[in-house]
Amino acid sequence: MSDAKKTIIGFVCERSLPLEYMLDGGKALLDDPDTKVVIVPCSGMVKPTFLETALAKGADATFVCGCAIGDCHYRTGNLMIRERLEGKRSPKLRKTTDRRKVGMFFVTMKDRTAFLAALAEFKAGLDARPAQEE
Amino acid sequence: MYRKFLRLTKSLTVSFEKVVNFLTTQEHNPLYFHGALPLYIFWFLIFSGILLWMYYIPTLDRAWSSVNYISALPVPGDPVNEAAGIPYGAVVRGIHRWGAAGMMITTILHMLRVYFTDRHRSWRWLPWVTGVALLAFVLFVGLTGYLLVWDARAYYIVVATQRLLEAVPVAGAALSRFLVGGDGITDYTLTRFLFFHVGGAVLIFLLVWMHFIRLKQPVATPSRATNFMVLGFILVAAGTLPAINITRELLQKYAADPRIAAQALYVASDAPAQIGTLVDTIRYDAWYMFPYWLVQNVGVTWTWLILGGATLLLCVAPFYPKDRRANIAEVIEAKCTGCTFCSQDCPFEAITMVDRAPGSKFKQIAVVQAARCSECGICVGACPFQAIELPELHSKTLEADLLDLVKKGA
Ligand code: HEM
Ligand code: SF4
Ligand code: SF4
């Protein structure tokens, strides 16, 4: 693990995590200040271009967090973004996007700990990788 | 207050489901198929019902014995029952009866889940209100099913229903006659009950279709693991406790026969109905017969008030508490190419594609029907041309936020 400071941008559905207890005054996660959060009403609102913009403008990684699969408040939002990021539904991620820097988490509002663990694993995976050819 | 209550129920539901997620993973959590479950069980009812229908005779003197013929356990030495019956008929009848209980239970669970997780309000009023009608129909079809057996309990239900109907102002007497098809109970009465039962089941199909009108891609099939689990439940229940007609006399007479004794705890139906002889205690099936428990314990008027009040409360539930609705999706006309992506992805069928004037650059334009819009923004995620936006959360704003955060982080 490197201790270099990272910038991670997450798009988080307001219904998936108990965000009101998870952010510092601004938009950084209390448990992981490297991670900054953009709040959306539903993970299905996230356009793949948002993730691409984040990476292009200098974020080290980016992710989407939505409700548990099967439990989207708007029925299908999390399925849509999952299919988009997996390249099964338009609009898709650009082919040149480094998929390893794009994460997906699907959790319930009671899964805060599980989410933080998955996020830590995602970050560790970034460090473990050889330098990217960009 | 009420909002707080809804938040609490949601929190409790999610906590409970989290435990199940831990055991089954999200993809196979049976609780996430709450709407698909009653529909799945409905198929069991249709198929087993068709088999029963083939042998059922809807007349006063043959109804009970035809049901008995379907399901009778062969009883050694009994002139009627020896080696009689249809192979596995009692099991098919058991599937029908346990399936009916299962459908009622899963329908109620589905309703509670939808309510507890705040998925019943506002733009969802149509699935909710058709859901209330579905609940009433499931109850109606279940009750008419009990009538077909034409045992002492069925007769009790008919008499109690007539009393309920007669209490209706003005139309009461006519309704009561309509129920039995004339002034008294005749063979036509049972023909009518069979019609109610089968016709009601067909209407359930129609209502399910209405239930889905505003739901894009309804989750209507449970995961395979869930399917096998439900199949297992029903078969085990129907196999160990098949539905049979053992009268109390038969039970006494053949108490020594282990096959009969084994069923003693689950006497499925009563002795044949005797018109004019009302049993003083009926065995309640909690899922279907609660209205008659009410009739017996609080009287006809209160039964109407309780059932009517509950239905009314259910029907108005989706309209309270009111939400502030200021973030309904808007189409930017100049940018919309009519590609249909947004209307394909909108989970509540709120977007229709409308033809543009002839000679326009693009053939169609997306139009949002405000009352159906959930303000979820899924259409924003779907549109490749930035032609649809939530007014209070423009994707330009989101992008600006995002750039801000990247800058701060670096
Ligand atoms: C025969 C009984 C019923 C069947 C087969 C049935 C089936 C379903 C199915 C398959 C869905 C779609 C779930 C999804 O894809 O998100 C659904 C949704 C829904 N049901 Fe039912 N349902 C029944 C009864 C009821 C009842 C009794 C109510 C409430 C009174 C109800 C209220 C709703 C509501 C509000 C939704 C929309 C949920 C959402 O938008 O997420 N349903 N139902
Ligand atoms: S925000 Fe868009 S996708 Fe969501 S319900 Fe409204 S029109 Fe449909
Ligand atoms: S996705 Fe965008 S461009 Fe396509 S029809 Fe909808 S609003 Fe128009």
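Here is a short chat about salt bridges and nonpolar cores in this predicted model.

Trainee: What makes A:Asp127 and A:Lys6 a salt bridge?

Mentor: Their closest N and O atoms are 2.8 Å apart, and the cut-off is within 4 Å, so the pair qualifies. A:Asp127 sits in helix α3 of chain A and A:Lys6 in the segment before β1, so the pair ties together parts 121 residues apart in sequence.

Trainee: Why is A:Lys6 called buried, and why is A:Asp127 called partly exposed?

Mentor: A:Lys6 has a relative accessible area of 14%, and buried means under 20%. A:Asp127 comes out at 25%, and partly exposed runs between 20% and 50%, so that label fits.

Trainee: How do you know that B:Arg119 and A:Asp71 form a salt bridge, and what does the pair join?

Mentor: The closest N and O atoms are 3.0 Å apart, again within 4 Å. B:Arg119 lies in the loop between α4 and α5 of chain B, and A:Asp71 in the loop between β4 and α2 of chain A, so the pair joins two chains. B:Arg119 has 12% relative accessibility and A:Asp71 has 8%; with the limit at under 20%, both count as buried.

Trainee: Which residues make up the network that includes A:Asp71?

Mentor: A:Asp71, B:Glu17, B:Arg113 and B:Arg119, joined by salt bridges that share partners. The whole structure has 21 salt bridges over all chains.

Trainee: Which residues touch the most other members of the largest nonpolar core?

Mentor: B:Trp150, B:Phe193, B:Ile204 and B:Tyr292, in a core of 55 residues. Apart from it lies another core, of 40 residues, including A:Leu51 and B:Cys373.

Technical notes: Residues are numbered from 1 along each chain as its sequence is written. Chains are lettered from A and ligands numbered from 1 in the order in which they are written. This is a predicted model: local features need pLDDT of at least 70, side-chain atom pairs count only at pLDDT 80 or more; totals for chains, interfaces and linings use all residues. Side-chain values use heavy atoms; hydrogens and water are left out. A nonpolar core is a set of buried Ala, Val, Leu, Ile, Met, Phe, Trp, Tyr and Cys residues joined through side-chain atoms within 4.5 Å. Buried means under 20% relative accessible area, exposed over 50%, partly exposed in between (1.4 Å probe, protein chains only). A salt bridge is a side-chain nitrogen of Lys or Arg within 4 Å of a carboxyl oxygen of Asp or Glu. Helices (H or I, at least four residues) and strands (E, at least two) are DSSP runs, numbered from the N terminus.
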